[in-house]
Amino acid sequence: MTETKKQTHQTANKTTACKKKTPSDAHGQETRKKTASSSRAGAQYADTKRADMRSTDAQKERVAELLSLIEQKLDAGKAENITTIDLAGKTSFADYLVIATGTSARHVFGLANNLAMDLKKAGYRVQVSGDTGDGNWVVIDAIDVVVHLFTQETRDFYRLEEIWNQKAS
């Protein structure tokens, strides 16, 4: 072999020798294991951080502003029967639950889209679920306030107010 070919061959061997072996699945795809302890530690840290954030007066003020903005936007959008349930201290996923009714599936979609856009413009993180379904129920998660928008039939069927009022007692 010539000197250049020997050098190239040696470099190629070093490269393959340095590669870290990873387990493969049945199709030869590389798989990586996530340890349960690292997942648990991350979840505990997130829960602790979230609890710390909720306890500050500034956070409580921001949640109150968010709740007020949501109620104003729903009222301006002609949502019916707007109900607010205080969940602070009762659950870890939100401080308030807002339930409102739209007159039709199209109205529910309109309320959800307008509210989500307005909240994003105001600087809040928002996630919308149920917007691809039949329009009977859309959930807007604004982290500290969760909004459920229903048609009247769907709201009567699920009766979330009754469930949360029973849990609060």
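In this predicted model, a polar contact of 2.9 Å links the side chains of His 148 and Trp 137. His 148 sits in strand 5, and with a relative accessibility of 11% it falls under the 20% cut-off, so it counts as buried. Its surroundings come from several stretches of the chain: leaving aside residues up to four places away in sequence, His 148 touches Leu 97, Val 98, Ile 99, Ala 100, Trp 137, Val 138, Val 139 and Leu 160. The other partner in the polar contact, Trp 137, is partly exposed, because its relative accessibility of 28% lies between the 20% and 50% limits.

Trp 137 also turns up when the aromatic rings are considered. Searching the whole structure gives three aromatic pairs. In one of them, the ring centres of Trp 137 and Tyr 158 are 4.6 Å apart and the planes meet at 45 degrees, so this pair is classed as tilted. Trp 137 belongs to strand 4 while Tyr 158 belongs to helix 5 (residues 152-158), so the pair ties together parts that lie 21 residues apart in sequence. Tyr 158, at 37% relative accessible area, is partly exposed. A further pair brings in its sequence neighbour: the rings of Phe 157 and Tyr 158 have centres 4.9 Å apart, and with their planes at 90 degrees the arrangement is edge-to-face. Phe 157 is itself exposed, at 60% relative accessibility. Taken as a group, Trp 137, Phe 150, Phe 157 and Tyr 158 make up one aromatic cluster.

Strand 5 and strand 4 are both part of an open sheet. That sheet holds five strands in the order 1-2-5-4-3, and the pairing is mixed. At its edges are strand 1 (80-86) and strand 3 (127-129), each of which pairs on one side only. On average, and with direction ignored, neighbouring strands are turned by 15 degrees against each other. Strand 2 (residues 96-102) and strand 5 (residues 145-151) run parallel and are joined by seven bridges. Phe 150, already met in the aromatic cluster, is the strand 5 bridge partner of Thr 101.

Helices pack against this sheet too. Helix 3 (residues 57-76) touches strand 1, strand 2 and strand 5, and its direction makes about 15 degrees with that of strand 5. Helix 4 (residues 105-121), by contrast, runs at about 160 degrees to strand 5. The strands that helix 4 lies across are strand 2, strand 3, strand 4 (137-141) and strand 5.

Stepping back to the whole protein chain, there are six helices and five strands. Read from the N terminus, the elements follow the order α-α-α-β-β-α-β-β-β-α-α. Of the 169 residues in the chain, 27% are buried, His 148 being one of the buried residues. Among contacts with a separation of 6 or more, 53% are between residues 24 or more positions apart. The chain exposes about 11700 Å², and carbon and sulfur atoms supply 50% of that area.

Note on methods
Residues are numbered from 1 along each chain as its sequence is written. This is a predicted model: local features need pLDDT of at least 70, side-chain atom pairs count only at pLDDT 80 or more; totals for chains, interfaces and linings use all residues. Side-chain values use heavy atoms; hydrogens and water are left out. Two strands pair if DSSP finds at least two bridges between them. Helices (H or I, at least four residues) and strands (E, at least two) are DSSP runs, numbered from the N terminus. Axes are lines fitted to C-alpha atoms, for helices over the stretch in contact, and angles run from 0 to 180 degrees between N-to-C directions. Contact means heavy atoms within 4.5 Å. Buried means under 20% relative accessible area, exposed over 50%, partly exposed in between (1.4 Å probe, protein chains only). A polar contact is a pair of N or O atoms within 3.5 Å; within protein, one must be able to donate a hydrogen and the other to accept it, and residues adjacent in sequence count only if both atoms are side-chain atoms. Rings of Phe, Tyr and Trp (its six-membered ring) pair if their centres lie within 6.5 Å; planes under 30 degrees apart count as stacked, over 60 as edge-to-face and the rest as tilted. Accessible areas come from the Shrake-Rupley method with a 1.4 Å probe; for residues, only the protein chains shown count as cover.
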